[in-house]
Amino acid sequence: MPATERPTSPRARRRRKDTGPAWTAPGEQATLVGFLDYLRDSIAGKVAGTPEPQVRTAGVPSGTSLLGLIKHLAHVERFYFLGEPIVDLRRTLRPDPQETVDGLLADYRETIARANEVVDGWIDLAGPAPRPPGRGLPPTRRWVLVHMIEETARHAGHADILREQIDGSTGR
């Protein structure tokens, strides 16, 4: 067999090249949203195609699962960008038995679209972000964008580990 025709192992076939975030339009807001969108796509990609029941099975003692991460991030996005309250933060990490991968991914993507519409209307990142009533002073829009990059990146890292435990899939 020629050297250029080496067989690949199943594990090697599951590796995807991490291309990194795409270049964004100039400006602070476009850069922040561009990085956030890259991370959103990354974590959604970890969940898509993961078989049942592994997608909802806790991979660590804390109970974290891939599907729980998507459900949680949708709730957190709605809280920070749309001003929707979260009644029980821990509950957002636990998918209900009737919730499906397709349904929660669709909800996450719809939430992202709605959040991005809100952000598109922001003219000044120093202005106050949406906040549910009775929650105190709102953070700045800049703080919300940076926090959501941090929150999504943290959970994308969790998703990387969980997915690799499930089927050896690595990369973004």
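The legends below describe close-up views of a predicted model of a single chain.

**View 1. Overall fold of the predicted chain.** The model contains five helices and zero strands. Along the sequence the elements follow the pattern α-α-α-α-α. The chain has 172 residues, of which 40% count as buried. Among contacts with a separation of 6 or more, 71% are between residues 24 or more positions apart.

**View 2. Helix α3 and the residue after it.** Helix α3 covers residues 66–82. Its 17 residues should span 24 Å at 1.5 Å a residue, and the end C-alpha atoms are 24 Å apart, so the expected and computed spans agree. Of the 17 residues in α3, 15 are buried, and the helix is therefore described as mostly covered. G83 comes just after α3 and takes a positive phi of about 75 degrees.

**View 3. Packing of α2 against α3.** The axes of these two helices are 9 Å apart, and the helices pack at an angle of about 150 degrees. Because angles over 145 degrees count as roughly antiparallel, α2 is roughly antiparallel to α3. The crossing of α2 and α3 is left-handed. On the α2 side the contact is made by L36, R40, I43, A44, K46 and V47. On the α3 side it is made by L66, L67, L69, I70, L73, E77 and F81.

**View 4. The cis peptide bond in the α2–α3 loop.** P53 is found in the loop between α2 and α3. The peptide bond that joins E52 and P53 is cis, with omega at about -5 degrees.

**View 5. Packing of α2 against α5.** The axes of α2 and α5 come within 9 Å and cross at roughly 25 degrees. Angles under 35 degrees count as roughly parallel, and α2 and α5 are therefore roughly parallel to each other. Their crossing is left-handed. From α2, the residues that meet α5 include E28, L32, V33, F35, L36, L39 and R40. From α5, the residues that meet α2 include R142, L145, V146, M148, I149, T152 and A153. Further along the two helices, I43 and K46 in α2 and A159, D160 and R163 in α5 are also among the residues in this contact.

**View 6. Helix α5 and the residue after it.** Helix α5 has 27 residues. From its first C-alpha to its last it reaches 38 Å, close to the 39 Å expected at 1.5 Å a residue. G168 follows α5 and has a positive phi, near 80 degrees.

**View 7. The largest nonpolar core.** This core holds 19 residues, and F81, L145 and M148 touch the most other members. Helices α2 (28–47), α3, α4 (101–120) and α5 (141–167) each supply at least two of its residues. The most come from α2, which gives five. In soluble globular proteins, nonpolar side chains tend to be buried together.

**View 8. Surroundings of M148, and a separate core.** Leaving aside neighbours within four places in sequence, M148 is in contact with L36, V76, E77, Y80 and F81. Apart from the largest core lies another core, of 18 residues. I43, A44, L69 and I112 are among the residues of that other core.

Conventions:
Residues numbered from 1 in each chain as written. Predicted model: local features only at pLDDT ≥ 70, side-chain atom pairs only at ≥ 80, totals over all residues. Heavy atoms only, no water. Helix = DSSP H or I, 4+ residues; strand = E, 2+ residues; numbered from the N terminus. Expected span 1.5 Å × (residues − 1). Buried < 20%, exposed > 50% of the residue type's maximum accessible area, 1.4 Å probe, protein only. Core = buried A, V, L, I, M, F, W, Y, C linked by side-chain atoms within 4.5 Å. Contact = heavy atoms within 4.5 Å. Axes fitted to C-alpha atoms, helices over the stretch in contact; angles between N-to-C directions. Parallel < 35°, antiparallel > 145°, perpendicular 65-115°, else oblique. Left-handed = near helix turned anticlockwise from the far one by under 90°.
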